Amino acid sequence: MSRAVRFGVALVLGLALLTYGASVWVQRRTREWFDKDLSSRAEAAVTATRRILASRWDRPDELGELLADLAHDERVLAAAACTKEATPLASSSEMPAQFSCQQLGPRLRPSADAPPSAWAAYKESAALPDGAVHVSAIPVVDAERALGFVVLLHDLSFVERREAEAQKFLLLAFAFLAAAASALTVVAARLSWRSWSDELRRFLKGGKERPEFQPILRDVRELVERIVEEKETDREGGAWNPARLKQALVRHLHGEKVVILANREPYIHERAASGEVQVLHPASGLVTALEPVMRACSGVWIAHGSGNADRQSADGQGRLKVPPGEESYLLRRVWLSPEEERGYYYGFSNEGLWPLCHIAHARPVFRSADFRHYEAVNQKFAEAVCEEVDSEDPIVLVQDYHFALAPRMIRERLPRSTVLMFWHIPWPNSERFGICPWRDDLLEGMLGASILGFHTQFHCNNFIETVDCYLESRIDREQSAVVQQGRSTLIRPYPISVEWPIRWLSDAPPAADCRAALLEELRLPPDALLGVGVDRLDYTKGVEERLLAVERLLERFPSFRGKFTFVQLAAPSRTAIPRYQQLNEAVESLAERINQRFGQGGYRPVILKRAHHEPPAVFRYYRAADLCYVSSLHDGMNLVAKEFVAARDDERGVLVLSQFTGAAREMTEALIVNPYDLDEASAALKTALEMSLAEQRERMRSMRTFVAEFNVYRWAGRMLADAARLRRRDRLTGRLSDHLSAAAVGG
Ligand code: F6P
């Protein structure tokens with residue numbers, strides 16, 4: 001039922017109820033009026049004839065004639081006279097038994113010998129079988145002597161007739177009024193809708209803006225912008241790719257330079273033991289995602305120069321063109337002292353914020369000295385940003401938890417900059433975040449950004465809730481923004497992804513060849529079943545749980561013993577931190593234990609490769625494996641899952657994915673597991689290893705279609721488009737306030 005119909009029905013029902021109530025009220029009131037009227041008439045008739053009545057009181061025949069005269073009135077049914085002892089004297093016609101002298105006598109006088117002053121007229125209405133009647137009994141007093149009383153019985157049926165007529169009239173009047181009111185409302189609504197929509201139409205054609213249209217116009221504009229954006233997406237050839245991202249940058253941001261601030265650099269120069277300098281691609285989800293974006297956009301990437309041969313491969317300001325051999329953007333390295341690196345990177349970032357944001361049961365460690373380094377290093381990087389920009393309103397993309405304070409520092413130096421901050425790890429709930437002694441500084445720092453991005457809406461909600469708990473600010477839930485001192489930060493989900501097609505596949509041999517070569521290299525038979533895990537050696541990745549699931553698989557399903565091998569590529573990470581050292585040892589001894597338990601002859605179920613692997617090597621494993629198990633205990637997105645899917649152009653292989661990754665929300669065709677539940681995880685490994693090729697193809701095809709469409713160019717494109725929209729608005733608002741202040745000065 002539509003709202004209008006519901007409103008109409010409610011209106012009619014309401015009116016009907018009102019009419020009924022009114023008619024009952026009117027009926028009561030008219031009955032009261034008539035009763036009063038008849039009583040007064042009866043009293044008047046008796047008073048007027050009192051003398052004659054008294055004179056004939058002792059002559060019943062004459063009294064009867066007088067009563068017959070009184071009853072002549074068409075509404076008087078009968079008249080009777082009774083003695084003061086209540087015995088009948090005379091009557092015009094027969095009186096109903098309930099109104100006999102005996103019945104009425106005691107109602108007029110308290111006792112038979114009561115003085116005349118104690119007598120009072122009595123009246124009553126009653127329903128008789130022939131209709132309603134009104135009876136009045138009026139005392140007849142002569143010279144201070146009570147003679148008796150006269151009874152007059154009035155017909156009330158005419159009152160009922162009048163009441164029915166009045167009710168009918170009332171109903172008709174109400175019906176007429178209801179119809180008239182409805183018709184008037186409809187006409188008024190139509191007229192005002194027409195004038196409102198005419199106004200809106202006129203305005204949309206470029207007319208004068210009226211304040212009441214502001215909210216709807218904002219919605220309309222946003223909708224139009226979104227539709228135009230989608231349309232342009234189609235026109236430009238659908239899929240997001242580097243060319244498309246470049247075009248979007250030119251169109252939306254007029255080709256302005258993009259400055260990225262990230263701790264990790266995309267290329268690390270390391271001197272090997274041989275003395276030769278190598279260029280390494282770090283094992284980092286952030287680099288995997290952003291490097292292709294920078295190739296497409298050009299600009300500057302500002303990062304910590306962490307390689308031992310970094311200085312010698314850069315100029316005096318730490319600058320060099322990258323990627324090596326295809327130079328398309330600038331890498332600006334910032335140098336940190338060992339103390340700074342210890343306090344800012346190992347200390348506050350990775351012993352404090354990292355465990356704080358991940359639910360992986362590691363206790364965060366907060367040291368004041370670390371935070372001081374963190375602050376100083378954020379300042380150092382913010383200054384580097386200011387050195388690299390070429391305008392007063394640059395676009396700066398600040399990456400990750402290493403730089404929570406930088407957005408505000410950049411804004412203080414460059415108030416008109418557009419700062420986008422992307423948080424690559426989960427954001428915890430407010431209670432958990434609240435344990436950080438510098439929580440307010442971090443939140444204030446982040447809110448220096450114009451747009452703050454997380455992988456999922458869930459993390460956006462957590463962030464908003466955290467700000468709501470700890471800061472003086474206004475939460476604009478409609479816009480999903482935090483407003484502080486009139487400046488707002490939009491909080492948006494941008495699920496990160498990988499490039500498509502992925503660069504590392506261009507020279508890769510067919511998947512079947514990769515598999516054959518790799519099995520041979522690992523000294524495994526051609527029919528071996530191969531599982532792979534690829535991670536930085538980090539406790540959030542659930543590497544121990546993964547190996548335990550492999551152990552459980554072999555325990556529960558002995559047919560896989562001797563057949564299934566799991567290769568874990570584990571890039572050493574943050575090795576200066578004790579928790580990472582413990583993990584390193586735990587993983588090694590676990591692998592050893594499983595190999596001892598289930599190994600036989602040359603067969604080792606777990607192959608642990610603790611080393612940095614360059615992307616082409618990693619992709620060989622992805623392409624050769626029957627399954628890839630991503631078992632993170634908590635992960636913002638996890639790009640290994642997307643890389644595995646991107647690597648499988650043969651549409652084979654099964655992804656077993658932890659439900660605690662952001663990726664699990666998008667890649668629902670994977671086998672989703674709880675990595676803590678070893679029975680479930682080992683059953684999923686079995687299912688993966690036994691899955692038919694047709695089902696593998698179906699699942700893989702669907703995931704590939706998703707990743708192809710929602711690739712990293714789209715991720716960056718959407719963020720930059722939002723930034724462009726914001727810049728347009730800020731410029732317009734700026735222009736407006738310029739006009740206003742000019743007008744104020746002029747006026
Ligand atoms: O995925 C989170 C993340 O911090 C990335 O942002 C980072 O590149 C990656 O982990 C690797 O960490 P690190 O830079 O400390 O080696």
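## Domains, ligand site and nonpolar cores

The domain assignment divides the protein into domain 1 (3–161), domain 2 (244–493) and domain 3 (523–710). The model described here is predicted. Between the C-alpha centres of domain 1 and domain 2 there is a distance of 98 Å.

### The ligand and its surroundings

Eleven names make up the list of residues that surround the ligand: Arg264, Ser284, Leu286, Tyr345, Trp354, Asp400, Tyr401, His424, Ile425, Arg536 and Arg574. By character, this shell comprises five nonpolar, two polar and four charged residues. Polar side-chain atoms of residues including Arg264, Asp400 and Arg574 are paired with oxygen atoms of the ligand, at the distances tabulated below.

| Residue | Ligand atom | Distance |
|---|---|---|
| Asp400 | oxygen | 2.3 Å |
| Arg574 | oxygen | 2.8 Å |
| Arg264 | oxygen | 3.0 Å |

On its own, the ligand has 370 Å² of accessible area, and the protein covers 91% of this area.

### The nonpolar cores

The largest nonpolar core contains 95 residues, among which Ile410, Trp423, Leu442 and Phe463 touch the most other members. Both domain 2 (244–493) and domain 3 (523–710) contribute at least three residues to this core. A second core, separate from the largest one, has 83 residues, including Leu290, Ala314, Ala528 and Met637.

Ile410, one of the residues of the largest core named above, may be considered individually. When neighbours within four places in sequence are set aside, Ile410 is in contact with Leu261, Ala382, Val385, Val396, Val398, Ser417 and Val419.

Note on methods:
Residues are numbered from 1 along each chain as its sequence is written. This is a predicted model: local features need pLDDT of at least 70, side-chain atom pairs count only at pLDDT 80 or more; totals for chains, interfaces and linings use all residues. Side-chain values use heavy atoms; hydrogens and water are left out. A residue is near a molecule or strand if one of its heavy atoms lies within 4 Å of it. A polar contact is a pair of N or O atoms within 3.5 Å; within protein, one must be able to donate a hydrogen and the other to accept it, and residues adjacent in sequence count only if both atoms are side-chain atoms. Accessible areas come from the Shrake-Rupley method with a 1.4 Å probe; for residues, only the protein chains shown count as cover. Ala, Val, Leu, Ile, Met, Phe, Trp, Tyr, Cys and Pro count as nonpolar, Asp, Glu, Lys and Arg as charged, and the others, Gly among them, as polar. A nonpolar core is a set of buried Ala, Val, Leu, Ile, Met, Phe, Trp, Tyr and Cys residues joined through side-chain atoms within 4.5 Å. Buried means under 20% relative accessible area, exposed over 50%, partly exposed in between (1.4 Å probe, protein chains only). Domain bounds come from an automatic or database domain assignment. Contact means heavy atoms within 4.5 Å.
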